[in-house]
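I opened my notebook with a new model on the screen. I wanted to get my bearings before anything else, so here is what I looked up.

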Amino acid sequence: MIRIAITGSHSVGKTTLAKKLMKKLSAMDMSSMVAEEPIEVVRRQHPGIVNDPNTFYIRLLEEHFKRLNGIDCDCCLYDRSLMDLLVYYRLEEPDNPAFTSLLEEMLQWYVRSIDLFFYLPIEFPLVADGRRPLSETYREQVDEMLKTVARKAAIRWITIAGSIQERVAKAVAVIRTYDSSLER
């Protein structure tokens, strides 16, 4: 099984790529699934905790690790990674260095559980998601922090850029190369 974390700032096409890539892989007889973005799962399963940042972020952390288990397919596409959680936590809850440190330590373990990281750069117009500020400056700040965290954690990601069709084609090519290297 190949585990692929799709990362990038908000409104860059992570969910769109994951869904289209899953369809493409299925058409190629490669079983795949998209592990839903953790914030969506937590909001649905624990609707009242959004206003309690400590519990909310602990549940998000829990969901990131739960998504790594019980997967039975050739390729699992993770919409967001623990790296994303760390970046947003640093921006939204800067006054809790202890939890930030915990997230950094957990990221080291998490990285070893993921086979490939796909990074999506900012190329598409910002769209309101109801969670993040509708601010290009904030989106760029998230993007820069992701790059910094990736360097610090020695995450070697593959940039997937271009139109939706180009992104899917590049991702498929990377997966084919990676998948064939497993058989050697």
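My entries follow, in the order I made them.

**Entry: what I am looking at.** I reminded myself that this is a predicted model.

**Entry: the sheet.** I began with the strands. In what order do the 5 strands of the open sheet lie? I read off S2-S3-S1-S4-S5, with parallel pairing. Next I checked the edges, where I found strand S2 (32-35) and strand S5 (158-159). Each of these has a single partner strand, so one side of each is left without a neighbour in the sheet.

**Entry: strand S1.** I then looked at S1, residues 2-7. It has S4 as a parallel partner, joined by 4 bridges. I picked out one pairing there: Ala5 has Phe117 in S4 as its bridge partner. S1 also runs parallel to S3, and 5 bridges join these two. For that pair I noted Arg3, whose bridge partner in S3 is Cys76. Is S1 mostly covered or mostly open? Mostly covered, I wrote down, as 5 of its 6 residues are buried.

**Entry: the cysteines.** Cys76 had come up already, so I turned to sulfur. How many disulfides does the structure hold? I counted 0. Why no bond for Cys73? Its closest cysteine sulfur is the one in Cys76, and at 5.1 Å that is too far for a bond. A disulfide would need the two sulfur atoms within 2.5 Å. I looked from the other side too: for Cys76 the closest cysteine sulfur is in Cys73, again at 5.1 Å. Both residues are out of the way: Cys73 counts as buried at 11% relative accessibility, and Cys76 counts as buried at 0%.

**Entry: the largest nonpolar core.** I went inside next. The largest nonpolar core has 39 residues, and I wanted to know which of them touch the most other members. They are Met83, Leu107, Tyr110 and Phe117. Then I listed the elements that each supply at least two residues of this core: helices H2 (38-45), H3 (53-66), H4 (82-92), H5 (97-113) and H6 (136-152), plus strands S3 (75-79) and S4 (116-119). Which one gives the most? H4 does, with 7 residues.

I zoomed in on Leu107. Leaving aside neighbours within four places in sequence, Leu107 is in contact with Leu82, Met83, Leu86, Val149, Ala153 and Ile155. Apart from the core of 39 residues I found another core, of 20 residues, with Leu17, Leu25, Met30 and Leu120 among them.

**Entry: H3 against H4.** I checked how these two helices sit. Their axes come within 10 Å and cross at roughly 170 degrees. H3 and H4 are therefore roughly antiparallel to each other. On the H3 side I saw Tyr57, Leu60, Leu61, His64 and Phe65, meeting Leu82, Leu85, Tyr88, Tyr89 and Glu92 in H4.

**Entry: Ile122.** Last, I picked a loop residue. Where is Ile122? I found it in the loop between S4 and H6. Ile122 is partly exposed, with a relative accessible area of 27%. Skipping neighbours within four places in sequence, I listed its contacts as Ser9, Val12, Glu136, Arg139, Glu140 and Asp143. I also took one long reading: Ile122 and Gln45 are 77 residues apart in sequence, and their C-alpha atoms are 30 Å apart in space.

How values were computed. Residues numbered from 1 in each chain as written. Predicted model: local features only at pLDDT ≥ 70, side-chain atom pairs only at ≥ 80, totals over all residues. Heavy atoms only, no water. Buried < 20%, exposed > 50% of the residue type's maximum accessible area, 1.4 Å probe, protein only. Core = buried A, V, L, I, M, F, W, Y, C linked by side-chain atoms within 4.5 Å. Contact = heavy atoms within 4.5 Å. Pairing = 2+ DSSP bridges. Axes fitted to C-alpha atoms, helices over the stretch in contact; angles between N-to-C directions. Parallel < 35°, antiparallel > 145°, perpendicular 65-115°, else oblique.
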